[in-house]
Amino acid sequence: MIFVIVSVLFGLAGGVCAKIKGSSFLLWFLLSAIPPYIGVIAAVMYRSEHDEPRRRCPGCGKIVPVHDELCTRCGTELEYPEPVRPAASGTA
């Protein structure tokens, strides 16, 4: 019975941590509850999806991550944007 309580508490901790980072609560709850200690550590070390660069789809206007090749709403193929180069300052 104690193991079940500990697993649920670790599942809640992992789920809340992942939800703050923008991921699925239910998925990380299950991943954190089954192997209690490992799941919470993985949820804490998981990347934050809020900091990813995004762009607007030219077809429908939906905001999508830069690494997506297709828009999930309209299916438009998205070209990878050219990196922004800083302007050269100073004269030669």
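## Starting at Ser7

Let us begin with Ser7, which lies in helix α1. In this predicted model, Ser7 is buried, with a relative accessible area of 8%. If its neighbours within four places in sequence are set aside, Ser7 has contacts with Ala33 and Pro36.

## The chain as a whole

With that first residue placed, here is the wider view. The protein chain has 3 helices and 2 strands, and their order along the sequence is α-α-α-β-β. The chain has 92 residues, and 25% of them count as buried. Its accessible surface comes to about 7,100 Å², and carbon and sulfur atoms account for 67% of that surface.

How much of the contact network joins residues at least 24 apart? Among contacts between residues at least 6 apart in sequence, the share is 25%.

## Trp28 and Ser23

Trp28 is a good residue to look at next. Trp28 sits in helix α2 and is buried, with a relative accessible area of 10%. Beyond its neighbours within four places in sequence, Trp28 is in contact with Gly11, Gly14, Gly15, Ala18, Ser23, Gly39, Ala42, Ala43 and Tyr46. For a sense of the spacing, Trp28 and Ala13 are 15 residues apart along the chain, and their C-alpha atoms are separated by 9.1 Å.

One of the contacts of Trp28, Ser23, belongs to the loop between α1 and α2. Is Ser23 buried or exposed? At 13% relative accessibility, Ser23 counts as buried, because the cut-off for buried is under 20%. The side chains of Ser23 and Trp28 are joined by a polar contact of 3.2 Å. Leaving out neighbours within four places in sequence, Ser23 is in contact with Ala18, Trp28 and Tyr46. Ser23 and Tyr46 are 23 residues apart along the chain, with 9.2 Å between their C-alpha atoms.

## Ser32 in helix α2

Ser32 is also worth a visit, and its place is in helix α2. Ser32 is buried, and its relative accessible area is 0%. What does the side chain of Ser32 reach? The partner is the backbone oxygen of Trp28, at 2.8 Å.

Residues up to four places away in sequence are not counted in the next list. Ser32 touches Phe10, Gly11, Gly14, Gly15, Gly39, Val40 and Ala43. Several of these names may look familiar: the contacts of Trp28 include Gly11, Gly14, Gly15, Gly39 and Ala43.

## A nonpolar patch on the surface

Now for the outside. Met1, Val4, Ile5, Val8, Leu9, Leu12, Val16, Ile20, Phe25, Leu26, Leu30 and Ile34 make a nonpolar surface patch of about 1,200 Å². The elements that give two or more residues to this patch are α1 (2-20) and α2 (25-33). Which element gives the most? That is α1, with 7 residues.

Leu26 is one of the patch residues, and its place is in helix α2. Leu26 is exposed, with a relative accessible area of 56%, whereas Trp28, also found in helix α2, is buried at 10%.

## Leu78 and its surroundings

Further along the chain, Leu78 lies in the segment after β2 (63-65). Leu78 is buried, with a relative accessible area of 12%. Setting aside neighbours within four places in sequence, its contacts are Arg55, Cys57, Pro58, Val64, Asp68, Glu69, Leu70 and Cys71. Leu78 and Val66 are 12 residues apart in sequence, and the distance between their C-alpha atoms is 8.9 Å.

## The cysteines

How many disulfides does the structure hold? The count is 0. Cys74 is in no disulfide, and the nearest cysteine sulfur, that of Cys57, is 3.7 Å away. This pair does not qualify because a disulfide needs its two sulfur atoms within 2.5 Å. Cys74 itself is partly exposed, with a relative accessible area of 38%. Cys57 also appears among the contacts of Leu78.

Definitions and conventions:
Residues are numbered from 1 along each chain as its sequence is written. This is a predicted model: local features need pLDDT of at least 70, side-chain atom pairs count only at pLDDT 80 or more; totals for chains, interfaces and linings use all residues. Side-chain values use heavy atoms; hydrogens and water are left out. Buried means under 20% relative accessible area, exposed over 50%, partly exposed in between (1.4 Å probe, protein chains only). Patches are made of residues with over 30% relative accessible area and no salt bridge: like charges are joined within 9 Å, nonpolar side chains (Val, Leu, Ile, Met, Phe, Trp, Tyr) within 5 Å. Accessible areas come from the Shrake-Rupley method with a 1.4 Å probe; for residues, only the protein chains shown count as cover. A salt bridge is a side-chain nitrogen of Lys or Arg within 4 Å of a carboxyl oxygen of Asp or Glu. Helices (H or I, at least four residues) and strands (E, at least two) are DSSP runs, numbered from the N terminus. A polar contact is a pair of N or O atoms within 3.5 Å; within protein, one must be able to donate a hydrogen and the other to accept it, and residues adjacent in sequence count only if both atoms are side-chain atoms. Contact means heavy atoms within 4.5 Å.
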